[in-house]
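This report introduces one protein structure to a reader who has not seen it before. Please look over the sequence and the structure below before reading on.

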Amino acid sequence: MRNERPIIALDFATKEQVLEFLKGFDGSLFLKVGMELFYQEGPELVREINRLGHDIFLDLKLHDIPNTVESAMRGIAKLNVAMVNVHAAGGLEMMRAAKRGLKGSDTQLIAVTQLTSTSEEGMQKEQLIPVSLEESVVHYARLADDAGLDGVVCSVHEAEAIGDACGEEFLRVTPGIRPSQVSADDQKRVATPAEASRQGSTHIVVGRAITKASNPKDSYQQIRAEWSGQ
Ligand SMILES: O=c1ccn([C@@H]2O[C@H](COP(=O)(O)O)[C@@H](O)[C@H]2O)c(=O)[nH]1
């Protein structure tokens, strides 16, 4: 199910920076808490953001043996976040274990396919995967679907192929979003919010294009309008 609110990546180091950033916004937002913030502020900040009425994607990208991931997910289930993720490269058994760990919660579980900072050449040379990047991403998406997950993290460029392979209900959460004229930074597979909309992303994740903008609220609203096709 497509979500009209861009997910804002809260890539900040401290709770104070997050609360200062959020002061500039009204209403309920969809916010991503990733490793930088979680490893410094921990679950208490997740609870606080929840109390403020925002939805949370907890982007911890778990990747470990099935037993460890299942136990970690049992703890995460208590945080009542909207969405959490694992690395699909952890395999079918690990993804099934992650799902078991979340049993009884409403948290959606998705899997990272190939990071949006990975290029086809990098994947082939460094990971020794001798297929196209799209084939690798669609393979991981099928694996996540077989494990009963709700969707995947991928780039906009693979979103349509994943919809064809796994069905339109399967979530395609796409970082690497850059409005035109904005630097790609370390991202390799980037696209604009309008392209994401056309290619079948169900969610877009936006960090620096909002958090580093001179006016984050204006940037958020422009990206949201472009994503919604207004
Ligand atoms: O494949 C992936 C998975 C996660 N991310 C995360 O999304 C944001 C993107 O930030 P930008 O500043 O908009 O580039 C960031 O938190 C990543 O950890 C990703 O980029 N790609």
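The sections below treat the annotated domain, the annotated active site, two helix pairs and several individual residues.

## The model and its annotated domain

The structure is a predicted model. An unreviewed UniProt entry assigns the annotation "domain: Orotidine 5'-phosphate decarboxylase" to residues 5-223. Within residues 5-223, helix accounts for 45% and strand for 17%. The end C-alpha atoms of this span are 9 Å apart.

## Residues listed for the active site

Under "active site", the unreviewed UniProt entry lists Asp59, Lys61 and Asp64. Asp59 belongs to strand S3, which comprises residues 55-62. Asp64 is placed in the loop between S3 and helix H3 (66-77).

Is Asp59 buried or exposed? Asp59 is buried, because 25 other C-beta atoms lie within 10 Å, and the threshold for a buried residue is 20 or more. Asp64 has 16 C-beta neighbours inside 10 Å and therefore counts as partly exposed. Leaving aside residues up to four places away in sequence, Asp59 touches Lys32, Val33, Gly34 and Asn85.

## Helix H6 and its surroundings

Helix H6 runs over residues 133-146 and has 14 residues. From its first C-alpha to its last, H6 reaches 20 Å, which is close to the 20 Å expected at 1.5 Å a residue. After H6 comes Gly148, with a positive phi near 90 degrees.

The buried residues of H6 are Leu133, Ser136, Val137, Val138, Tyr140, Ala141 and Ala144. Which elements cover these buried residues? The cover includes helix H4 (92-101), strand S5 (108-112), helix H5 (120-126), strand S6 (151-153) and helix H7 (156-166).

One of these covering elements, H7, is also described as a packing partner of H6. The axes of the two helices come within 10 Å and cross at roughly 40 degrees. H6 and H7 are therefore oblique to each other, since an angle counts as roughly parallel if under 35 degrees. The crossing of H6 with H7 is right-handed. On the H6 side, the residues that meet H7 are Glu134, Val137, Val138, Ala141, Arg142 and Asp145. Their counterparts in H7 are Glu158, Ala161, Ile162, Ala165 and Cys166. Val137, Val138 and Ala141 thus appear both among the buried residues of H6 and among the residues that meet H7.

## Helices H3 and H4

A second helix pair is formed by H3 and H4, whose axes are 7 Å apart and which pack at an angle of about 30 degrees. H3 and H4 are therefore roughly parallel to each other. Their crossing is right-handed. The contact involves residues of H3 including Pro66, Val69, Met73 and Ala77. In H4, the residues on the other side of this contact are Glu93, Met94, Ala97, Ala98, Arg100 and Gly101.

## Individual residues in loops and helices

Two residues other than glycine have a positive phi: for Gln181 the value is near 80 degrees, and for Asp185 the value is near 55 degrees. Gln181 is in the loop between strand S7 (171-174) and helix H8 (193-199), and Asp185 likewise lies in the loop between S7 and H8. Gln181 is exposed, whereas Asp185 is partly exposed.

Asn215 occupies the loop between helix H9 (208-211) and helix H10 (216-228). Gly42, in turn, is part of helix H2, residues 35-51. The table gives the neighbour counts for these four residues.

| Residue | Other C-beta atoms within 10 Å | Class |
|---|---|---|
| Gln181 | 6 C-beta atoms | exposed |
| Asp185 | 13 C-beta atoms | partly exposed |
| Asn215 | 11 C-beta atoms | exposed |
| Gly42 | 11 C-beta atoms | exposed |

Two of these residues also serve to relate separation along the chain to distance in space. How many residues lie between Asn215 and Gly24 in chain separation, and what distance separates their C-alpha atoms? Asn215 and Gly24 are 191 residues apart along the chain, and their C-alpha atoms are separated by 9.1 Å. Gly42 and Lys125 are 83 residues apart in sequence, and their C-alpha atoms are 36 Å apart in space.

Methods:
Residues numbered from 1 in each chain as written. Predicted model: local features only at pLDDT ≥ 70, side-chain atom pairs only at ≥ 80, totals over all residues. UniProt positions renumbered as here; feature names shortened; annotations may be inferred. Helix = DSSP H or I, 4+ residues; strand = E, 2+ residues; numbered from the N terminus. Buried ≥ 20, exposed ≤ 12 C-beta atoms within 10 Å, placed from the backbone. Contact = placed C-beta atoms within 7 Å. Expected span 1.5 Å × (residues − 1). Axes fitted to C-alpha atoms, helices over the stretch in contact; angles between N-to-C directions. Parallel < 35°, antiparallel > 145°, perpendicular 65-115°, else oblique. Left-handed = near helix turned anticlockwise from the far one by under 90°.
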